[in-house]
Number of protein chains: 2
Amino acid sequence: MDNITIAVDAMGGDFGPSVTVPAALQVLKNHKALHLILVGDQAVLKKELSINNSINEPRYTIQHASQCVEMDESPSQALRSKKDSSMRVAINLVKASKAQACVSAGNTGALMATAHFVLKSIPGIDRPAIVSAFPTVSGSKIMRMLDLGANVDSSAENLYQFAVMGSVLASAVDNITNPKVYLLNIGEEVIKGNEQVKETAKLLSNSKMINYAGYIEGDQIYAGEADIVICDGFVGNVALKSSEGVAILIRKMLRDSYNRNFLTRIVGLLSKPVLKPVIKRIDPDRYNGATFLGLQGIVIKSHGGAGVKAYVHALEEAIMQIEKNIPQRIGAEVEKLLKLSKIDDPRVS
Amino acid sequence: MDNITIAVDAMGGDFGPSVTVPAALQVLKNHKALHLILVGDQAVLKKELSINNSINEPRYTIQHASQCVEMDESPSQALRSKKDSSMRVAINLVKASKAQACVSAGNTGALMATAHFVLKSIPGIDRPAIVSAFPTVSGSKIMRMLDLGANVDSSAENLYQFAVMGSVLASAVDNITNPKVYLLNIGEEVIKGNEQVKETAKLLSNSKMINYAGYIEGDQIYAGEADIVICDGFVGNVALKSSEGVAILIRKMLRDSYNRNFLTRIVGLLSKPVLKPVIKRIDPDRYNGATFLGLQGIVIKSHGGAGVKAYVHALEEAIMQIEKNIPQRIGAEVEKLLKLSKIDDPRVS
């Protein structure tokens, strides 16, 4: 890879520098052409670096920032009063082309609001979306779903744009030709879909740019058929979180069951190597690093509670997206779309 | 229990009488004061009863119906042209007070439309909702969520009514004093909730009739805190189905992992008795029998693909709701609410 630079909001997340610094050092080891700008309180960062015996590693620089965005701060508050926060300064570095991506485990709302304000969205994209990867039953195949909570009450037009962005991501990052795009809907029930979904289906069916494969129900999203699943941010967030809830429920039940008595504990020990690959495949750490798609710059959101391993994944996601030129490719697709819309795009028919 | 009668749509579901008849006979064995009316094609039903050696059981009657509603038939089509369907006749029996409940595994949309048309909703309830029980991490404690897909684009007022109905169900059937009602929302993301949720939260916060406990995110619905979770039918259906999807995903991964080689298969055999109670606790059969809440009569919807064991659960749910007088109790609560609304109900302030 060519020389690339990532700005790290080193103060962000539940654990701040004690996670971001070791993860940064780890990723520097893995990628020899990588440079990192660690943004945050200089004294705190230096201390953390010296704990990790890496005070003299030449491939990072420290960029001092005097403020921190709190995890429960309102986005507007952060935008207004935290102009020297580690988050804001890291995003500014992307805007100033001093970094090609920013990674933060900070407050999602503040990060989205700040990134949108500083970097602006790609012309033709009305609202950026949050996208993430999910495991499926088909071995190593992943599925990407958006939006996961950046927007609520999305219009059909917004959802259509999510489909364009998702398709670009799946073909560029996942190397899928003509990625299959599904629209999340409810099935056999009384009224098939709400107004938003029906409208979006019309746009997608008529599109020449998207390989629209139809409706998908919640129980099929992990079945390995879909490359991209499109939905409103409220719905996507509920799907994501309730899936997490079930995974936690099942894990708890399994643990309780193996802990029932002496014999079951023995079986539990024997089962460990069998269960390990399963736990690894659904390990949320592996899927850490949601992307804010549709901005003029790469912004990766790590889970607030991410540990070092998970944060490394978020940094790796940023590297991949830099290498694949994601914002530029989305920009090019949207430009095509805007040209099309003057001729035969369904949205103007 | 007193003498009770249930009308069974014996032709409904993917397997029709081959499931409904054995399940009906099973439940008759369990409940000595129960009478069942098996509705459907007389010849087919008699044949199925003779296969089960129960042609002379005195506690059922057969009510002939010449038509069947297909699983993929549109609700309006079924309503218009299937006036002698097993589904319609079974619901008519409830309307005519010849049965106290109807159970069907047929087409959900058609069942809801027909039940709503024939039985009407309880005065004060604008839209009936689908409610079902879910397992939680807290041992045997269940959670009930509504709406699961009867309504999309629900208003705040609709959601408020779901909260009233859910509270009645939880206190009557689950014997919970002051059941805790949560509103499904998304969390830390950019905008907290959509308009629908914000409006509903206002109504619930001001209510004197509902023990409103606040917002809940998808990952917390199975955590055992909530007795009732309220949401729009689109969102609820997505939560339900994507939860099912994850459960299937994890089960498939576990099976693959135990089938990897000879040794893992041995461990799999040893694990069987440990995994069994877990599989039992999340077994969808146990939770079969969704209720159409808010109608002037009890209508229980069994899963279309239910087997005998699952269908027995749906019939048991009907018996429980008859014994607990659910529609009458909801009616009484709603009447209180309507009286209140003239004085100090938040909805008119």
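This report covers a predicted model of two chains, from the single chain to its domains and then the contact between the copies.

## Chain A overall

Chain A holds 11 helices and 11 strands. Its C-alpha trace spans about 60 × 60 × 40 Å along the principal axes. The radius of gyration of chain A is 21 Å. A compact globule of 349 residues would have a value near 20 Å, so chain A agrees with that expectation.

Burial and contact range add to this picture. Of the 349 residues in chain A, 55% count as buried. Take the contacts in chain A with a separation of 6 or more: 73% of them come from residues 24 or more positions apart.

## Two domains

The domain assignment splits chain A into two parts. Domain 1 is made of 1-124 + 294-325, and domain 2 covers 126-284. Domain 1 is thus written as two segments, while domain 2 is one. Taken over C-alpha atoms, the centres of the two domains of chain A are 26 Å apart.

The contact between these domains involves 8 residues of domain 1 and 7 residues of domain 2 in chain A. On the domain 1 side, helix H5 (108-119) and helix H10 (308-323) of chain A each supply at least two residues. The residues on that side of domain 1 of chain A divide into 3 nonpolar, 4 polar and 1 charged.

## How the copies are related

Two copies of a chain are related by a rotation about an axis and a shift along it. Here, a turn of 180° and a shift of 0.0 Å along the axis lay chain B on chain A, with an RMSD of 0.0 Å. The two copies are therefore related as by a two-fold rotation axis.

## The contact between the chains

Chain B brings 57 residues to the contact, and chain A brings 58 residues. On the chain B side, three helices each supply at least two residues: helix H5 (108-119), helix H8 (233-258) and helix H9 (262-281). H8(B) gives the most, with 21 residues.

The side of chain B that touches chain A divides into 33 nonpolar, 14 polar and 10 charged residues. Of the interface residues of chain B, 100% are also interface residues in chain A, so the copies meet through the same surface.

## Linking the two levels

H5 appears in both accounts. In chain A, helix H5 (108-119) supplies at least two residues to the side of domain 1 that touches domain 2. In chain B, helix H5 (108-119) supplies at least two residues to the side that touches chain A.

Methods:
Residues numbered from 1 in each chain as written. Chains lettered and ligands numbered in written order. Predicted model: local features only at pLDDT ≥ 70, side-chain atom pairs only at ≥ 80, totals over all residues. Least-squares fit on C-alpha atoms with pLDDT ≥ 70 in both. Contact = placed C-beta atoms within 7 Å. Helix = DSSP H or I, 4+ residues; strand = E, 2+ residues; numbered from the N terminus. Nonpolar A, V, L, I, M, F, W, Y, C, P; charged D, E, K, R; others polar. Domains from an automatic or database assignment. Rg over C-alpha atoms; globule rule 2.2 N^0.38 Å. Buried ≥ 20, exposed ≤ 12 C-beta atoms within 10 Å, placed from the backbone.
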